[in-house]
Structures are given as structure tokens and as C-alpha cells.
Amino acid sequence: MNVAEFLKLPMAHNFKVLTGDDVGLDRIITGANILDNPKADDWLTAGELIITTGYFFYESYAQQKRYFQHFQELNIAAVCIKTGQFFTEIPNELIKLSRQLGLPLIEIPYGVAFSKVLKTVMNQLSSDLASEQQFTLDIYSQFFESSLNNGGIDYIAKKLKTIVENPVLVTTSNWEVLSLAGFENEFRQTLNKQGKEYHFPKQSLQNLPKNVEQVQHPFYRKLYKNEQEVLCCIMPIFFNQINYGYIIVYLKNRSLVNTDYIALESCTMSIALEVAHQTEKERVNNQVYRDFFAHLFAGKITNVETLRTFNIDINVELDYSVYIISVYFPKISNKTLFEQRKYEEQAMQMLLSALHRYIQNNFLDSNVFKQGNQLIGLLGNAKETKQAAVQAEQNKILNRLLKYLKQQINRTLHFSIVVGSSQPILSVAKSYSEATNMLNTVAATQSGIHFLNEFYLDTFLSEQISTQAAAEFSAHYLHKLIAYDQKNHLNLLQTLASYLANQQNIAATARKLYIHRNTLIYRIERIEDILAIDITELNIALSLQLALKFYQENELE
């Protein structure tokens, strides 16, 4: 049914076409929508007949112009305004604007109920459902067949571009471009390029909806980038309560019609299936890598022939360092423990996928797998390279990698990376042991990248001294002071730790503890009396520092 046929219905015999018989009466009506909420325009779709009192734009021509231009961009069929509530009569300037836009403007008498118009239109349209349903089935069939035959996201994007006759791009939930179809150089310039990858500049969109990752319907926004203005239709890929990304159509050639929306909706299902398939494939591959690395890190692979039986692509001519990326998630107040864990698992899977893409696109000699909230990998370097040069290059690579990972997640996460020494592939278990020992030393609040030389003493002590031996050493030197503190509700142990940490500098320690220097001197003398030692002796000071270190680590455990 078009607008002219709608106006011939008995219910519409008193309706008045204000824009004349030559403006848009052949526009196809695909539905009807009552619109009296200024924030509801994101829910409109092409071909709809809008029914309104004009409540949210009657006071200002600037508002009328903004909304009617948006209606025209959305390819709305016509706008019906009921007079008598907010408009006593439709302004001539609004009629003139509607004619300029080619958008039929219809006046509805005050006594006509909106529900009657809505019901009449929908009943009339029900007779056209058969052909639309057939088109829907055909489209679903085409995209579903693509998913079954591993056509991939590129094929789906190209197919969609052919249907909507406009450039199409598909992104991840973090707006990283997965596929481009019909994008010439002029439109590629509207994207952000990072290395070999493109990112859609969501910050350049006008008034992006709040919590956009939870939106489940198409919406329109203008993109302003590099002196270009592009109207975009953005369709979230939302399936089974998970946002997989977005389909973005640049409206370069024509407006979208109802069948385009059907194609977009079908497309989201197919892309979600592709992403889910890829996720499952990565899960299986991750398990294969975990099994391989479990053998490698346990020292069970002792020769190259055994290593090659795992069918893992590793260059045995290189040396490798183990790096462990720990990801710390903030507690989200409105989520249950199950929802929090599910979110963390999805985020870690997304970070693993992003890391694989980064390694592949930057030709790094690296293999990586996921274990809990950690990403564990090998980073290769040429043999016989000086350690300082190896560390400098690794620091550069991992800093870039860390920056890339931070861009992949919507929420602010805390990342910490530890790196073991460089070893031949068959001896890489040593590098893994060093990295895991460093994890016990690096506090959760210490972000950034940490190398073995920063924690060599801690790693050495952890490897060479058992927990029992450390506890006995700590008790030998400190048990009298700990008992005195507990009995008298004091904290002389803290005073001792601060004094030694400040190289036995009275002024610096007093400032640190916010006490008078004479108070500090009295405390130090009291500590020496309790322990029956002279702290100024070098061996005694070193022994106390080790005892304090063992004690603090034991308290953390």
C-alpha cells in the first residue's frame, strides 16, 4: 500500500494532504508508528507512517526542521499530524519544508483516534504479508546457506552490499572492522587505521545512544570525519543476549527500504553464527595449545622430533621467552557472581582472538593460549642476541601489544605482564618457571611489563628456599618483636621495616612515619633491646630485611 492508496481508505476521507498531490504519494507504507516521544526516533524504520500530535517539535521551527530532515533520511513514508492539541494549524514553513524534502505531510482531524489509524493501516498491510514473508525466507535461506558452507563474514558483507546497494562494513563489539564491502578510498578515509587494521570511529558519530552495546534495533547517526558527513544505518549484531558487533551501512546511493531491514536482520543472525563458530574453533585450538604447552613447560619434550609430533608451528631456530599477561577485572556491582564470571570469560575470549589477529598481522614469532584470566605465550628472538637487546625489543613489542589489547575492551581493565629469560625452545620450561615465580612477587596493582632482572632476587629466593625454611628464618630473627607488638598492641615491626627500607636514615624514616625524630630514635633503641642486636651491623641489617620479606610474603599468602 502506498500513501495515495492509504488516503483513499474510508477512515481517511477527512484527512488533508498539505503538501499537494505531487509530493511522495507513491511512497510505500510498510507499517505505522505513533510518535510523541522525542527520544523514540531511534525506533523508527523505513516505510513507516508516522502519526503524531507534534508535541515535541511544535514550539520551534529549528526542531521541526531537525526531525523532518531525519524522517526524510530514514525514508519515512509520510507524517500525519493531529491538529487541535499543540498545532491549531500546520505552519506554512513546515509545509514548505516537507515539500522540499519530498515528504508527504497529512493533517488529521482532532476527533480521529490514533489507535483507529494504526489498526486500519496494519489490517490493510496484513494482506501484503505473504510476499514479504517469502522474501524473508529467501534471504534467511541465502545467509544460512553461507554459514553452513563456511562462506565467512566477507561473503555475507558482499551479499548484503548487493542487496542494500550501499557500502557495508562489519565490526566487532569494540568497533574493529572485520570486513569491508563497497568501500572506495574516499570512505576508507572515514575509518581509523592502526597498522593493517581499520577501526570505525564511533567517537565521530553524532549522539551515540547510551549503552549502545545493549541496543538491539537499527538506528541512524551521522558520521563526521575528515571533513566528510556520512549518514549511517547501524545495526547491532545482538544474539542470545550477547553483542557480537555492528553492521554499518553508509547511505551513499539510496535510502533503505523495508526489505533492506529484513536483510539486515537476517545478516546479524548469520554473522553471529560465524563469530560463534570461530569462537568454538578458537576454544578447541586453545585446548590443543594448552596441552602442548603443559608438556613443554613440564620439560617432557626433550627433542625436536617429539616437538614436531604436536603439529604446532614453532621455529626451533629461535630462542623464546615466556610471557604471561594477567588481566584483572573490576567487580561490576549489578552483576551476580555467575554473570561476572560469564562476562570475564567472554572478555578473555575476545582478548585471545584479538591477540591472535595482532600476532598474525604483525608477523610476530609468538604462540599464545588462554588459561583462566591469563594469556600465556612464547616470544621468539634470534639466538646469540645480547640480553639487553632482547629485552629492549621485547619491551617495545609488548608495549604495542598491551596498547592494542586495551583498545579491544569497553571497560577499563588492569593488565600486568611478566617475562621470563630467553631460552632455547627445549629449555623454555626454565623461562616459564621464572615467569610464574615473578607472578608471586608482582602485586596485582603493579601494571605494565616486568622482566626477570627486576625481580631476580625474589625469583631466586622463591626457587631456592622452601616456604618452611623461609618461615623458620623469619621466626628466628623476628619472633620476639612480633610477640612484643602483640602483647603491647604496638607496631614496632612496621617501624623496623620502614627504617631499613629508608637505608637507616632517621630523617627520611621519621617523615615517612609522621613521627618526631626523637620518637623514632627511642623506638629503634627499644627494638635493639628486644632483639638483643645492633641493627647498624651490615650482616644483621641484611638478615632482618630478608626476615621481613619472608614474613610479609607469608602474611599475603
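**Exercise 1. Start at Lys 16. Which residue stands opposite Lys 16 in E5, and what sheet does this pairing belong to?**

Solution.
Step 1. Lys 16 stands opposite Glu 107, a residue of E5. The model is a predicted one.
Step 2. Look at the two strands. E1 and E5 are joined by two bridges and run antiparallel. Strand E5 spans residues 105-108.
Step 3. Widen the view. An open sheet of five strands has the order E1-E5-E4-E3-E2, and its pairing is mixed.
Step 4. Find the edges. E1 (16-17) and E2 (31-34) each have a single partner strand, so one side of each is left without a neighbour in the sheet.

**Exercise 2. What does UniProt list for residues 6-125, and how much of that span is helix and how much is strand?**

Solution.
Step 1. Read the record. An unreviewed UniProt entry gives residues 6-125 as "domain: Purine catabolism PurC-like".
Step 2. Turn to the model. Helix makes up 31% of residues 6-125, and strand makes up 17%.
Step 3. Check the ends. The end C-alpha atoms of this span are 10 Å apart.
Step 4. Repeat for residues 492-549. UniProt lists them as "domain: PucR C-terminal helix-turn-helix", again in an unreviewed entry. This span is 78% helix and 0% strand. Its end C-alpha atoms lie 16 Å apart.

**Exercise 3. Take the sheet with the order E7-E6-E12-E11-E10. Which strands stand at its edges?**

Solution.
Step 1. Describe the sheet. It is open, has five strands and pairs in the antiparallel sense.
Step 2. Name the edge strands. E7 (177-181) and E10 (219-225) each have a single partner strand, so one side of each has no neighbour in the sheet.
Step 3. Add the twist. On average, neighbouring strands here are turned by 25° against each other, direction ignored.
Step 4. Inspect one pair. E11 (residues 228-239) and E12 (residues 242-250) are antiparallel and share eight bridges. Within this pair, Pro 236 stands opposite Tyr 246 of E12.

**Exercise 4. E10 is an edge strand. Is E10 largely enclosed or open to the outside?**

Solution.
Step 1. Recall the cut-off. A residue is buried under 20% relative accessible area.
Step 2. Apply it. Six of the seven residues of E10 are buried, so E10 is largely enclosed by the rest of the structure.
Step 3. Follow E10 to its partner. Seven bridges join E10 to E11, and the two run antiparallel. Lys 225 has Gln 228 in E11 as its bridge partner.
Step 4. Look at the turn. The hairpin of E10 and E11 has two residues between the strands. There, Asn 226 takes a positive phi near 50°.

**Exercise 5. How many salt bridges does a search of the whole structure find, and which parts does the Glu 176 and Arg 357 pair tie together?**

Solution.
Step 1. The search finds 12 salt bridges.
Step 2. In one of them, the side chains of Glu 176 and Arg 357 meet at 2.8 Å, N to O.
Step 3. Place the partners. Glu 176 is in the loop between E6 (168-171) and E7, and Arg 357 is in helix H10 (residues 337-361), so the pair ties together parts 181 residues apart in sequence.
Step 4. Compare their cover. Glu 176 is buried at 2% relative accessible area, whereas Arg 357 is partly exposed at 23%.
Step 5. Try a second pair. Asp 319 and Lys 383 form a salt bridge, with the closest N and O atoms 2.9 Å apart. Asp 319 lies in strand E13 (residues 318-328) and Lys 383 in the loop between E15 (374-382) and H11 (387-406), so this pair ties together parts 64 residues apart in sequence. Asp 319 is buried, at 12% relative accessibility. Lys 383 is partly exposed, at 37%.

**Exercise 6. Which residues make a nonpolar surface patch of about 300 Å²?**

Solution.
Step 1. Name them: Tyr 140, Phe 239, Met 269 and Leu 273.
Step 2. Place one member. Met 269 lies in helix H8 (residues 258-297).
Step 3. Check its accessibility. Met 269 is partly exposed, with a relative accessible area of 31%.

Terms used. Residues numbered from 1 in each chain as written. Predicted model: local features only at pLDDT ≥ 70, side-chain atom pairs only at ≥ 80, totals over all residues. Heavy atoms only, no water. Patch = residues over 30% accessible without salt bridge, like charges linked within 9 Å, V, L, I, M, F, W, Y side chains within 5 Å. Areas by Shrake-Rupley, 256 points an atom, 1.4 Å probe, with all protein chains shown as cover. Salt bridge = Lys/Arg side-chain N within 4 Å of Asp/Glu carboxyl O. Helix = DSSP H or I, 4+ residues; strand = E, 2+ residues; numbered from the N terminus. Buried < 20%, exposed > 50% of the residue type's maximum accessible area, 1.4 Å probe, protein only. Pairing = 2+ DSSP bridges. UniProt positions renumbered as here; feature names shortened; annotations may be inferred. Axes fitted to C-alpha atoms, helices over the stretch in contact; angles between N-to-C directions.
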